[in-house]
Amino acid sequence: MTARTHLRPRRAFALKAVDAQSALWRLDWVMLVAVAALGVIGTLLVWSSTRTWALGSTGLVKKHALNLIIGAVMCGAVAMIDHRMLRAYAPMAYLVTVAGLVLVATPVGTTVNGSHSWIMLGGGFAIQPSEFAKVGLILMLSMLLAQPAEGTDRPRGLDVLFALVLAAGTMGLVMLQPDLGTTLVLAVIAAAALVIGGVQKRWIILLTLSVVAAGVCVWVFDLLEPYQIARFTAFLDPSVDPRGVGYNSTQSLIAIGSGELFGKGLFMGGQTTGRFVPEQHTDFIFTVAGEEFGFLGSVTVVALLGVVLMRGLHIAKQCEDRFGTLVAGTIVCWLAFQSFVNIGMTIGIMPITGLPLPFVSYGGTSTFANLIAVGMLQAIRIRERPF
């Protein structure tokens, strides 16, 4: 075989890769660029917020960069899977995530910041199964609600009931940890799947009444942990105890306000350098953007998140498959709600719930789950219409 003959398969593969109908060209590059930009900004913010105390000053930022790389590989792998195959494996994915939630409840689980929701792997690495539960629940609910009843465009009543049972079971396992923030995200995922799936209004009314009843039970039977009650107290009136329960909210507002229009510059934030805001590399990372990048930098982060959400809505709208539409639409609702709550709690319009900012906050499992969600959106985008 001559060298010229040997190169023909490689040339054919290269031509196929750049063909207008190839998966590479059908990716939503606008979304991917926005996600990459958020990842870069997040890495800078993590570096700034941890450089004065993290081991070796760059220990956590290197770990965060590694998590982003691993997450990007996961995103690419999921994007290459036909989303109809994801439908076939939805029950398995859901059962694996539920098994992880059950495992957390055993002595294997570890408590961090008052929440027994982690499994330590050693070497400084840990996983939080509740983050993967978001992905598993989305796939399972989309599979159940994608099949309409005969002669209608609505899901069957039995499927809706089964979906509600599975969602309630998943939320119950997460609430036992307790992790109120993630439980709220799972509730939003369930509600979004039902609405997008086109269920009858009586199911929506029943779900609303159930949520109200659950809230009353939590209040009457005092099911909230003391730290959760303190967070709600600080939300209602941060000035009630500015050095106690209101400390996080007060310092967060000071940090964001001090950045003014253009910010103090990267690594130049006094609140960030002095570690006045707790958990600033995770839950309160938006305060670093506000202080060091100013109003314009904060708006840029919000705008990039908006681009990701709008492109996700576009994918959901263009998809001709009910399962793909349900998955894409529910993912958008998840990311939108979590972004709103995270940014809202830093500027005082939402209570502190411990939810990270998607694609920006430091984290391993949360980063993986977010990028897997992006991979699912890309998989739907690639195959939303026949080639």
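Buried means under 20% relative accessible area, exposed over 50%, and partly exposed in between, with a 1.4 Å probe and protein chains only. The model is predicted: local features need pLDDT of at least 70, side-chain atom pairs count only at pLDDT 80 or more, and totals for chains, interfaces and linings use all residues. Residues are numbered from 1 along each chain as its sequence is written, and side-chain values use heavy atoms, without hydrogens and water.

**Exercise 1.** Check the span of helix α17 and decide whether α17 is enclosed.

*Solution.*
- Helices are DSSP runs (H or I, at least four residues), numbered from the N terminus.
- Helix α17 covers residues 365–382, which is 18 residues.
- The expected span is 1.5 Å times one less than the number of residues.
- That gives 26 Å for α17; its end C-alpha atoms are 25 Å apart, which agrees.
- 18 of the 18 residues of α17 are buried, so the helix is largely enclosed by the rest of the structure.

**Exercise 2.** Place K134 and find the partners of its side chain.

*Solution.*
- K134 sits in helix α7 (residues 129–145).
- Its relative accessible area is 0%, so K134 is buried.
- A polar contact is a pair of N or O atoms within 3.5 Å; within protein, one must be able to donate a hydrogen and the other to accept it, and residues adjacent in sequence count only if both atoms are side-chain atoms.
- The K134 side chain makes such a contact with the side chain of E131, at 2.9 Å.
- Another, also 2.9 Å, joins the side chains of K134 and Q338.

**Exercise 3.** Is M92 buried or exposed?

*Solution.*
- M92 belongs to helix α6 (residues 90–104).
- Its relative accessible area is 53%, so M92 is exposed.

Key: Helix = DSSP H or I, 4+ residues; strand = E, 2+ residues; numbered from the N terminus.
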